[in-house]
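Let's take a relaxed look at how one sheet is put together and where some empty space is left inside. Have the sequence and the 3D view ready.

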Amino acid sequence: MHLDITGLRGDNAPVLVLAAGLGGLGSFWLPQLNVLRERYRVVSYDQRGTGRNADRLPEGYSLQDMAAELAESLRLAGIERFDLLGHALGGLIGLQLALDYPTRVKRIVVVNGWLSLDAHTRRCFRVRQDLLLNAGVEAWVQAQPLFLYPADWLSAHQARIEAEDALHCAHFQGMENLLLRLHALMSADFRSFAAAVTQPVLALCSRDDLLVPWICSQQLCEALPNATFRQMNWGGHAMSVTDSPAFNALLLAWLEATPDTMQPTSDALPETLRS
């Protein structure tokens, strides 16, 4: 799997891995790259089955698969220990990595994530899935910004949204891949395993997120043994894009103030705790 590695060099440079949401593209993090490159060795990537890592995903594709293939790709790149910044699905990949590879994950930032899928979020995903199956790719793509961005931001950025729509239609990951990734995302449930994620975690959300209610981040924070809750008042589901200065400031403040305190004792949890 192709990885984009930029920023600080050297064996001792701290590594920050960036994992996008359901869209899967590393370019989602462009508003963060400049500030992060100054402080970290930054790894971004297109998730398997998307963008530059196009592939046909297997039946039964799961969150565990997403974590395993990222862990292996990082190992092949010589990266053993890392922090992870993940948006929605990307944050859940980070939590899964913490369960399956606890000696490798130092800290995790989960942006607009959840402990288990909220009923409202499930409804949103089902509506979007119905659009894809019954109205096609263009309808899916045109609806996506409604779930990502606040209405006032959308109104002021229509030219940008139209350009992004055309790009996403031209480089669509494929219906089968998207449905497999969506099923894996909707099936993720950390309620029984949250106590085992002992790494420092930042649960960061936006209060006006239409797709994932902000209380989901609060519930995640309360279930984890070493978590911090932070909230932005505006920005929608993709507040890292719509208000990147505020997002970047919150992110950097937490990273700078939160040491890696985990002392793992084993390479992985028993299989019964990971399924």
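## Strands, a helix and a cavity

Strand 4 (residues 82-87) and strand 5 (residues 105-111) run parallel and are joined by five bridges. Strands here are DSSP runs of E with at least two residues, helices are runs of H or I with at least four, and both are numbered from the N terminus; two strands pair if DSSP finds at least two bridges between them. In this pair, H87 stands opposite V111 of strand 5.

This is a predicted model, where local features need pLDDT of at least 70, side-chain atom pairs count only at pLDDT 80 or more, and totals for chains, interfaces and linings use all residues. Residues are numbered from 1 along each chain as its sequence is written, and side-chain values use heavy atoms, leaving out hydrogens and water.

Zooming out, the open sheet has seven strands in the order 1-3-2-4-5-6-7, with mixed pairing. Its edge strands, each pairing on one side only, are these:

| Edge strand | Residues |
|---|---|
| Strand 1 | residues 4-7 |
| Strand 7 | residues 227-232 |

Now for the empty space: a cavity is a set of points on a 1 Å grid over the protein atoms alone where a 1.4 Å probe fits but cannot get out, and lining residues have an atom within 4 Å of a point. The largest cavity is lined by M1, Y45, Q47, R48, Y61, M66, E69, L70 and R181. Which helix gives the most to this lining? Helix 2 (residues 63-76) does, with three residues.

Key:
1 Å grid on protein atoms, 1.4 Å probe; cavity = no way out; pocket = protein on both sides within 12 Å on 5 of 7 lines; lining within 4 Å.
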